[in-house]
Amino acid sequence: MSNLRPETLPANGYLRTTRGAGPAPVSPVPRWARIAAHAVPFVILPSGLWRMGVMLAIPGFGTAEARDHGVGLDLYLILLFAVSEALGLLTLGLVQSWGESVPRWIPLLGGRRIPPLAAVVPATLGALACTGVVYYFFLSILFAGFPPGHTTAEEVILTVCYLPLLAWGPLLGSVTYAYYRRRTSGQGQHASPSP
């Protein structure tokens with residue numbers, strides 16, 4: 001098992017093993033950050049399922065007019081669902097090794113260290129945007145009510161499906177903060193290389 005022990009500590013602060021397992025972070029990911037990052041795709045999922053309900057014209061999902069739609073709305077709903085979930089899954093990069101260095105299988109860039117701000121800036125902007133859009137949506141419903149044409153059942157289903165989105169921005173923001181702290185506090189804290 002000697003091939004699994006660290007041999008050297010390169011200048012970037014990551015330990016490498018002789019088996020080429022890839023970089024290991026200098027400081028570990030906090031458990032709460034890992035849980036929060038994995039929760040993000042699940043808080044996005046119900047709103048995507050609501051969109052699919054509208055697309056499939058399931059009663060209770062959207063208004064009757066929305067359910068009587070064309071191909072353009074279907075494509076929009078599928079694209080919105082896919083993009084939302086993809087962005088949610090990107091949150092996992094803040095707690096995985098591929099968020100610290102480019103995976104080796106990517107041509108030309110594989111193995112390069114990702115500067116912390118290259119992930120922190122877009123993630124912070126994303127957290128602010130998610131929070132702003134979702135909270136604006138709920139505040140507009142709270143103060144102005146639902147647009148005309150919704151039945152009570154449709155309002156309840158939409159609210160239940162969209163309510164988890166309130167956690168998206170705060171979860172992403174907290175995971176981003178943990179990523180920033182972990183990536184910047186580890187710089188300069190290197191163990192001495194083994195002889």
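This is a short tour of the structure, stop by stop, with a selection to make at each one.

**The whole chain**

Start with everything shown. The model is predicted. Colour by secondary structure: the chain has six helices and zero strands. Read from the N terminus, the elements run α-α-α-α-α-α. The chain has 195 residues, and 34% of them count as buried. Now switch on the surface. About 11600 Å² is accessible, and 71% of that belongs to carbon and sulfur atoms. Contacts reach far along the sequence. Among those with a separation of 6 or more, 65% join residues 24 or more positions apart.

**Helix H3 and its two sides**

Select residues 71–90, which make up helix H3. Pick out Val83 and Ser84 within this helix. Which of the two is buried? Ser84 is buried, because its relative accessible area is 9%. Val83 is partly exposed, because its relative accessibility is 41%.

Stay on Ser84 and show what surrounds it. Beyond its neighbours within four places in sequence, Ser84 is in contact with Ile44, Arg51 and Trp168.

Now go back to Val83 and widen the selection. Add Leu79, Leu87, Leu90 and Trp98: together with Val83 they form a nonpolar patch on the surface. The accessible area of the patch is about 480 Å².

**The loop after H3**

Follow the chain out of H3 to Leu92, in the loop between H3 and H4. Leu92 counts as buried because its relative accessibility is 16%. Show its contacts. Leaving out residues up to four places away, Leu92 touches Ala37, His38 and Trp98. Trp98 is also a member of the surface patch from the last stop. Draw a distance from Leu92 to Ala37. Their C-alpha atoms are 5.5 Å apart, although these positions lie 55 residues apart along the chain count.

Move on to Leu108, in the loop between H3 and H4. Check its backbone: phi is positive, about 70 degrees, and Leu108 is not a glycine. Is Leu108 buried or exposed? Leu108 counts as exposed because its relative accessibility is 81%.

**Helix H4**

Select 116–144, which is helix H4. H4 has 29 residues. From first C-alpha to last, H4 reaches 41 Å, close to the 42 Å expected at 1.5 Å a residue.

Next, show the buried side chains of H4. Among them are Ala119, Val120, Ala123, Ala127, Cys130, Val134, Phe138 and Ile141. Many of these positions recur along the helix at short steps in the list. An α-helix has 3.6 residues a turn, so residues three or four places apart point the same way. Which helices do the buried residues of H4 pack against? They pack against helix H5 (152–162) and helix H6 (168–185).

Pick Gly126, also in H4. Gly126 is partly exposed, because its relative accessible area is 22%. Draw a distance from Gly126 to Gly169. The two C-alpha atoms are separated by 7.5 Å, with the residues 43 apart along the chain.

Finish at the end of the helix. Just after H4, Gly145 takes a positive phi of about 80 degrees.

**The cysteines**

Select Cys130 and Cys161. Cys130 counts as buried because its relative accessibility is 14%. Cys161 is buried too, because its value is 13%. How many disulfides does the structure hold? The count is zero.

**Helix H6**

Now select 168–185, helix H6. H6 has 18 residues and reaches 26 Å from its first C-alpha to its last, close to the 26 Å expected. Its buried residues include Trp168, Gly169, Leu171, Leu172, Val175 and Tyr179. Two of these have come up before: Trp168 touches Ser84, and Gly169 was paired with Gly126. Show the cover over these buried residues. It includes helix H1 (31–55), H3 and H4.

**Last stop: a salt bridge**

Where is the salt bridge? Select Arg182 and Glu100, whose side chains meet at 2.3 Å, N to O. The pair links distant parts of the chain: Arg182 is in helix H6, while Glu100 is in the loop between H3 and H4, 82 residues away. Both residues are buried. The count of salt bridges comes to one.

Conventions. Residues are numbered from 1 along each chain as its sequence is written. Side-chain values use heavy atoms; hydrogens and water are left out. Patches are made of residues with over 30% relative accessible area and no salt bridge: like charges are joined within 9 Å, nonpolar side chains (Val, Leu, Ile, Met, Phe, Trp, Tyr) within 5 Å. Accessible areas come from the Shrake-Rupley method with a 1.4 Å probe; for residues, only the protein chains shown count as cover. A salt bridge is a side-chain nitrogen of Lys or Arg within 4 Å of a carboxyl oxygen of Asp or Glu. Helices (H or I, at least four residues) and strands (E, at least two) are DSSP runs, numbered from the N terminus. Buried means under 20% relative accessible area, exposed over 50%, partly exposed in between (1.4 Å probe, protein chains only). A disulfide is a pair of cysteine sulfur atoms within 2.5 Å. The expected span of a helix is 1.5 Å times one less than its number of residues. Contact means heavy atoms within 4.5 Å.
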